[in-house]
Amino acid sequence: ILFVSTNNKNEKATFQITDATGRKIKEVNVILNGNSSFAIPVFQLPKGMYSLQLRTATKTETKSFIKE
């Protein structure tokens, strides 16, 4: 499980997971409201390198992770 915390306020956001080739694996739409925390299950993913992207109307952040 990926645990993600953000302090964006009152924004619509999208979490997107992509694999090493850039293929979209999963997408989750959420509403951020201050100190938001989310648990994103990744148990179904095969072992490998992935990127988690958070997109809002004002910014995009990307972090990489390895599923073992």
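Here is a friendly exchange about a predicted model of a protein chain.

Biologist: Happy to start with the basics: how many helices and strands does the protein chain have?
Modeller: Reading this predicted model from the N terminus on, the elements run β-β-β-β-β-β. The count for the protein chain is therefore zero helices and six strands.

Biologist: What is the radius of gyration of the protein chain, and what does the globule rule give for 68 residues?
Modeller: Along the principal axes, the C-alpha atoms fill a box of roughly 35 × 20 × 15 Å. For 68 residues the globule rule gives 11 Å, and the chain comes close to that, so it is as compact as a globular protein of that length. The radius of gyration of the chain is 12 Å.

Biologist: Among contacts between residues at least 6 apart in sequence, what percentage join residues at least 24 apart?
Modeller: A contact here means heavy atoms within 4.5 Å. Among contacts in the protein chain between residues at least 6 apart in sequence, the share that joins residues at least 24 apart is 50%.

Biologist: Now the surface: what share of the exposed area do carbon and sulfur atoms supply?
Modeller: Buried residues make up 38% of the 68 residues in the chain. The chain exposes about 4700 Å². Of that area, carbon and sulfur atoms supply 52%.

Biologist: I'd love to hear about Ile40: is this residue buried or exposed?
Modeller: Ile40 has its place in strand E4. Leaving aside neighbours within four places in sequence, Ile40 is in contact with Ile1, Leu2, Val4, Phe15, Ile17 and Leu52. Its relative accessibility is 5%, and the limit for burial is under 20%, so Ile40 counts as buried.

Biologist: What separates the C-alpha atoms of Ile40 and Phe15?
Modeller: Phe15 is one of the residues in contact with Ile40. The two are 25 residues apart along the chain. Their C-alpha atoms are separated by 9.1 Å.

Biologist: And Pro41, how does this residue count by relative accessibility?
Modeller: Pro41 lies in the loop between strand E4 (36-40) and E5. Leaving aside neighbours within four places in sequence, Pro41 is in contact with Ile1 and Lys26. Its relative accessibility is 31%, and the class between 20% and 50% applies, so Pro41 counts as partly exposed.

Biologist: Is Ser64 buried or exposed?
Modeller: Ser64 lies in strand E6. Not counting residues up to four places away in sequence, Ser64 touches Met49, Tyr50 and Ser51. Its relative accessibility is 53%, and the class that applies over 50% is exposed, so Ser64 counts as exposed.

Biologist: How far apart in space are Ser64 and Lys9?
Modeller: Along the sequence, Ser64 and Lys9 are 55 residues apart. In space, taken C-alpha to C-alpha, the distance is 24 Å.

Biologist: Thr56 caught my eye: is this residue buried or exposed?
Modeller: Thr56 is found in the loop between E5 and E6. Not counting residues up to four places away in sequence, Thr56 touches Asn8, Glu11, Lys12, Ala13 and Leu32. At 12% relative accessibility, Thr56 is under the 20% limit, so this residue counts as buried.

Biologist: Let's turn to the largest pocket: which residues are the closest to its centre?
Modeller: The largest pocket has a volume of about 160 Å³. Its lining is made up of 13 residues. The closest to the centre are Val4, Ser5, Leu54, Glu61 and Lys63.

Biologist: Which strands each supply at least two residues of the lining of the largest pocket?
Modeller: By class, that lining has four nonpolar, six polar and three charged residues. The strands that each supply at least two of the lining residues are E1 (2-6), E5 (48-55) and E6 (60-67).

Definitions and conventions
Residues numbered from 1 in each chain as written. Predicted model: local features only at pLDDT ≥ 70, side-chain atom pairs only at ≥ 80, totals over all residues. Heavy atoms only, no water. 1 Å grid on protein atoms, 1.4 Å probe; cavity = no way out; pocket = protein on both sides within 12 Å on 5 of 7 lines; lining within 4 Å. Points joined across faces, edges and corners; volume = space filled by probe spheres on them. Helix = DSSP H or I, 4+ residues; strand = E, 2+ residues; numbered from the N terminus. Nonpolar A, V, L, I, M, F, W, Y, C, P; charged D, E, K, R; others polar. Rg over C-alpha atoms; globule rule 2.2 N^0.38 Å. Buried < 20%, exposed > 50% of the residue type's maximum accessible area, 1.4 Å probe, protein only. Areas by Shrake-Rupley, 256 points an atom, 1.4 Å probe, with all protein chains shown as cover.
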